[in-house]
Every structure is written in C-alpha cells, then in structure tokens.
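I opened this model to look up how its strands are ordered and what packs on them. My notes are below the structure.

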Amino acid sequence: MTHPHDTCDTYTPGHQVHWIQARESAKDPGPEVDVLLSSHDVADDGRISLHVLGPTRGVPAALWTHDPEHLRRLLREHRGLARWQPRWNLLRLRRDTVGSTLVCVAPQEPGH
C-alpha cells in the first residue's frame, strides 16, 4: 500500500517540507512557539490541536497537516517540547541535542 506522505509532491503549507524552507528556518527561525503535542492531538482529518506554552496572543488553536498518520507516527517516537515556527509553517520535533524532524503545517481554517 502506498502511503500519501510518500507520493505527495506538493510544497504548500501543510504538505511536504521543501529543502530551502528547512535550510532557511534553521538560519533565521523567526518567532518560535513552544508547544506540547502527542499523537492524540492529531485528528484523522489532519487537524492538530495545539497546547501552547507561554503567551498565546495571536496563536491559533489548531494547525493542519495533509498527512496526519505520518505526524502521529513521529509524535509517538518524540519526547519533550516541539516548536512551531509560524514564519516557515513548520513544526520542529527534537530528536536529540543536535537533530530535529520538520513537519510542514498550515493554519487551521475557520469552520474546519
């Protein structure tokens, strides 16, 4: 069975991470929001419920991903904080002290 994450070639928010997006987000991350996430926070329709740490002014209550199962799988293996980088539409999940996994996300549209 082919997994949607393996065949999607779209780089719009919520889909695949582009290598330039990844590189630039590491060089100039912009504002970052610390969040707690678990696989239980990702719905089948791709909606991601955020648990924001610290100030929440201007932070949406939810994000969206095209591939919820991929994100749930990553979160089952992830421990600790995640960082949302709104400027780059990225969730940064720490793997260890030097590495992280990036997931492209989109702001959740009202009514979804």
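The entries go from the sheets to the helices and then to two single residues.

Entry 1, the five-stranded sheet. I noted first that this is a predicted model. I looked up the strand order and found 5 strands in an open sheet, ordered β3-β1-β5-β6-β7, with antiparallel pairing. The edge strands are β3 (51-52) and β7, each of which pairs on one side only.

Entry 2, β5 to β6. I checked the pairing of β5 and β6, which is antiparallel over 4 bridges. Trp84 stands opposite Leu91 in β6. The two strands, β5 and β6, make a hairpin with 4 residues between them. I looked at the turn and found that Asn89 has a positive phi of about 55 degrees.

Entry 3, β6 to β7. This pair is also listed as antiparallel, over 5 bridges. I traced two partners across it: Arg92 has Leu102 of β7 as its bridge partner, and Arg94 has Ser100 of β7. I then asked how many of the residues of β6 are buried. The count is 4 of the 5, so β6 is largely enclosed by the rest of the structure. I kept in mind that in a regular strand the side chains alternate between the two faces of the sheet.

Entry 4, the helices on the sheet. I looked for what covers β6 and found two helices. Helix α3 (residues 68-77) lies across β6 and β7 and runs at about 30 degrees to β6. For α2 (residues 19-27), the buried residues pack against β5 (82-85), β6 (90-94) and β7 (100-104).

Entry 5, the two sides of α2. Which residues of α2 are buried? I list Gln21, Glu24 and Ser25. They cover an arc of only 100 degrees around the axis, which puts them on the same side of α2. On the other side of α2 I found Trp19, Ala26 and Lys27, which are exposed.

Entry 6, Gln21. I picked this residue from the buried side of α2. Its relative accessible area is 13%, and because buried means under 20%, Gln21 counts as buried. I followed its side chain to the backbone oxygen of Trp88, which it reaches at 2.6 Å. Leaving aside neighbours within four places in sequence, I found Gln21 in contact with Gln16, Trp88, Asn89, Leu90 and Cys104. Among these, Asn89 is the turn residue with the positive phi from Entry 2.

Entry 7, the three-stranded sheet. I looked up the second strand order and found 3 strands in an open sheet, β2-β4-β8, with antiparallel pairing. Its edge strands are β2 (47-49) and β8 (106-107), each pairing on one side only. I counted 3 bridges joining β2 to the antiparallel strand β4 (residues 62-64). Within that pairing, Ile48 has Leu63 of β4 as its bridge partner.

Entry 8, Thr12. Where does Thr12 lie? I placed it in the loop between α1 (4-7) and α2. Its relative accessible area is 42%, and Thr12 is partly exposed. I also checked its separation from His66, which is 54 residues apart from Thr12 along the chain. The C-alpha atoms of Thr12 and His66 are separated by 9.9 Å.

Key. Residues are numbered from 1 along each chain as its sequence is written. This is a predicted model: local features need pLDDT of at least 70, side-chain atom pairs count only at pLDDT 80 or more; totals for chains, interfaces and linings use all residues. Side-chain values use heavy atoms; hydrogens and water are left out. Buried means under 20% relative accessible area, exposed over 50%, partly exposed in between (1.4 Å probe, protein chains only). The arc is that of the directions from the helix axis to the C-beta atoms. Contact means heavy atoms within 4.5 Å. Two strands pair if DSSP finds at least two bridges between them. Axes are lines fitted to C-alpha atoms, for helices over the stretch in contact, and angles run from 0 to 180 degrees between N-to-C directions. A polar contact is a pair of N or O atoms within 3.5 Å; within protein, one must be able to donate a hydrogen and the other to accept it, and residues adjacent in sequence count only if both atoms are side-chain atoms.
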